[in-house]
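Please look through the sequence and the structure shown here before reading on. The report that follows takes up the contact between two chains and then a sheet with its helices.

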Amino acid sequence: MTLPADLTITGAAAALAAGATTAVELATTLLDRIDALDDRIGSFITVRPTHEVLEEAEASDERRGSDADRGPLDGIPIAHKDNIATAGIRTTAGSKALSEWIPDADATVVGRLADAGTVLLGKLKNYEFAHSAVDNVHFGRTRNPLDQNRVTGGSSSGSAAALAAGFCLGATGTDTGGSIRIPASFTGVVGLKPTFGLISRQGVVTTSWSLDTVGPMARTAADAALLLSAMEGHDPLDRGSIPGVRSTPFLPLNDLAGLRIGVEHSYFTAGLDADVERVFTTSLDTMTGLGAEIVEIAIPAAAESIVVEKSIVYPEAAVAHEDRLGERFDAYGARLRLSLLSGYYFRAVDYVRAQQVRESLLDEVENALSQVDIIATPTTPLIAPRFAETAADAAGASELLHRYIRFLVLANLTGHPAVSVPYGTGDAGMPVGLQLIGRPFDDGFVLSVAHALEKHRDLATTPSTTPA
Amino acid sequence: MNPDTAPEAQTPIPATIADQLNSDEAKAVAAIAKEIAHVVKRLSDAPGRSGSILPAVPHRPAAST
């Protein structure tokens with residue numbers, strides 16, 4: 001069987017069930033593809049030894065059709081972001097400071113996806129310690145598979161790039177201020193920042209205790225829902241994990257009849273590049289055509305969301321890194337070092353004020369979601385920029401990074417689930433993402449709406465998933 | 001860190017870190033401190049600061065009921 005580069009988890013699961021392929025064939029094909037092409041993309045930090053991968057794939061093939069079969073993810077090749085601990089496999093968090101760390105135990109999400117039968121191909125590059133950046137200063141650049149002169153965005157850069165390049169069928173990412181949704185949007189894949197507390201962060205290198213989330217990334221919303229179903233659930237080892245709840249189920253919706261979609265026109269449609277504005281407007285027309293009602297909503301404090309996020313992330317990250325930064329000062333990139341040191345310049349009262357405004361944001365989003373079923377925004381106001389556009393001075397780069405996260409940090413601050421789904425095509429055929437924000441634990445519902453839109457998306461051309 | 005060029009942090013930077021900063025980094029830290037002063041000013045002027053800061057996990061009470 002010839003395996004297309006845009007094969008989905010759902011498609012692979014059907015092929016496995018029908019006997020049209022095997023887990024060994026899937027894994028072998030993808031390992032060959034990574035070996036042939038990833039030196040151009042730079043999505044993996046560590047590719048597992050072939051014999052270890054094939055051992056897992058063979059075990060999956062032996063289970064297939066028996067009582068031991070573990071379901072639709074059994075035999076599916078995936079990869080993990082490298083700030084998520086994997087037992088016996090180097091876990092760097094994209095930093096030289098952890099370049100030799102080999103964890104003794106898997107993170108909870110790694111164990112859960114392994115229990116579901118997935119086959120682990122390796123570890124995916126992320127920006128240093130999952131902080132915002134345009135490159136990884138220690139492990140090299142990750143190029144956008146759709147145009148290698150453009151960034152992938154991050155910090156889950158390798159996860160998005162590997163999916164877009166056809167190197168794996170599913171991936172994990174982490175999202176503290178857009179780190180799943182930015183690269184998903186820039187590379188044309190689906191990324192879910194889940195409801196805070198739905199997926200365990202145990203075993204994940206901390207950026208910010210009150211904002212960090214772990215989520216699924218995939219080529220389709222249905223695939224992300226399959227990964228989510230394996231990843232979610234209470235974990236007593238994560239103090240942020242919430243007991244007794246599961247996500248709403250994923251439904252393969254064909255239309256949006258009766259749904260109320262909230263749109264905020266003051267903050268979330270300001271400063272859009274022309275092609276992003278065009279695609280977003282088209283997406284609203286499509287939603288209306290599918291039976292949804294577009295409702296104007298207000299989130300007045302949204303304009304403060306970046307300020308609030310900075311005032312929380314930097315002090316929390318400064319504390320999270322304090323011991324390691326003292327011990328391994330030279331192993332940190334200069335830019336990240338300064339970001340972490342900035343945490344010491346916030347006063348305790350500033351942190352408290354930020355938490356107060358965060359509460360206001362929560363009230364406003366909850367009020368909006370009492371009027372509508374879901375909130376729609378562009379994921380980012382721009383498509384993936386070229387590397388040359390990111391080479392500006394430090395202030396320019398900071399301004400660019402602020403544009404990346406402009407619409408995204410709100411859902412981190414309030415804890416609501418938010419997905420980025422590719423919806424249209426912008427300049428030079430690059431994808432434009434649509435962000436959908438739902439009520440707490442409506443993660444499956446959010447992915448269901450994304451699924452309905454995927455079938456009607458305005459992609460002028462389907463982005464090539466083969467590196468040029 | 002050179003105390004003549006570096007501003008004072010609100011929380012003292014641990015000596016294990018501060019002692020390793022060179023003068024260029026101290027200047028960069030000063031620039032960041034200036035940016036943060038802007039952030040903090042905007043924060044102090046932001047609407048909606050009358051509420052409690054609980055719960056730490058934003059939606060836990062709603063999810064638990």
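## A salt bridge between the chains

In this predicted model, the side chain of R337(A) meets the side chain of E25(B) in a salt bridge, with a distance of 2.3 Å from N to O. The count of salt bridges between chain A and chain B is one, while the count of residue pairs in polar contact between these chains, both residues at pLDDT 80 or more, is two.

On the side of chain A that touches chain B, the elements giving two or more residues are α9 (305-327), α10 (334-342), α11 (348-371) and α13 (409-414) of chain A. The largest share of that side comes from α11(A), which provides 11 residues. When the residues of this side of chain A are sorted by kind, 20 are nonpolar, 11 are polar and 10 are charged.

## The extent of the contact

How many residues does each chain bring to the contact? Chain A gives 41 residues and chain B gives 39 residues. Between them, chain A and chain B bury about 3600 Å², and 67% of this area lies on carbon and sulfur atoms. Within chain A, the residues that lose the most area to chain B are F329(A), Y344(A) and Y345(A), which together account for 21% of what that side buries.

## The sheet of chain A

Chain A holds an open sheet of 11 strands with mixed pairing, and the strands follow the order β1-β3-β2-β6-β8-β7-β12-β13-β11-β9-β10. Because β1 (44-47) and β10 (293-296) of chain A each have a single partner strand, they stand at the edges, and one side of each is left without a neighbour in the sheet. From one strand to the next, the twist averages 30°.

Strands of a sheet pair through backbone hydrogen bonds, and this pairing may be parallel or antiparallel. The pair formed by β7 (residues 190-193) and β12 (residues 418-425) of chain A is antiparallel and extends over three bridges. Here G191(A) stands opposite S420(A), which belongs to β12(A).

## Helices packed on the sheet

Helix α5 (residues 157-165) of chain A packs on the sheet and touches β1, β2 (77-81), β3 (119-124), β6 (170-174) and β8 (214-218) of chain A, and the direction of α5 makes about 160° with that of β6(A). Helix α7 (residues 221-231) of chain A also packs on the sheet, where it touches β2, β6, β7 and β8 of chain A, and the direction of α7 makes about 145° with that of β8(A).

How values were computed: Residues are numbered from 1 along each chain as its sequence is written. Chains are lettered from A and ligands numbered from 1 in the order in which they are written. This is a predicted model: local features need pLDDT of at least 70, side-chain atom pairs count only at pLDDT 80 or more; totals for chains, interfaces and linings use all residues. Side-chain values use heavy atoms; hydrogens and water are left out. Contact means heavy atoms within 4.5 Å. Buried area is the accessible area (1.4 Å probe) that two parts lose on being put together, summed over both. A salt bridge is a side-chain nitrogen of Lys or Arg within 4 Å of a carboxyl oxygen of Asp or Glu. A polar contact is a pair of N or O atoms within 3.5 Å; within protein, one must be able to donate a hydrogen and the other to accept it, and residues adjacent in sequence count only if both atoms are side-chain atoms. Helices (H or I, at least four residues) and strands (E, at least two) are DSSP runs, numbered from the N terminus. Ala, Val, Leu, Ile, Met, Phe, Trp, Tyr, Cys and Pro count as nonpolar, Asp, Glu, Lys and Arg as charged, and the others, Gly among them, as polar. Two strands pair if DSSP finds at least two bridges between them. Axes are lines fitted to C-alpha atoms, for helices over the stretch in contact, and angles run from 0 to 180 degrees between N-to-C directions.
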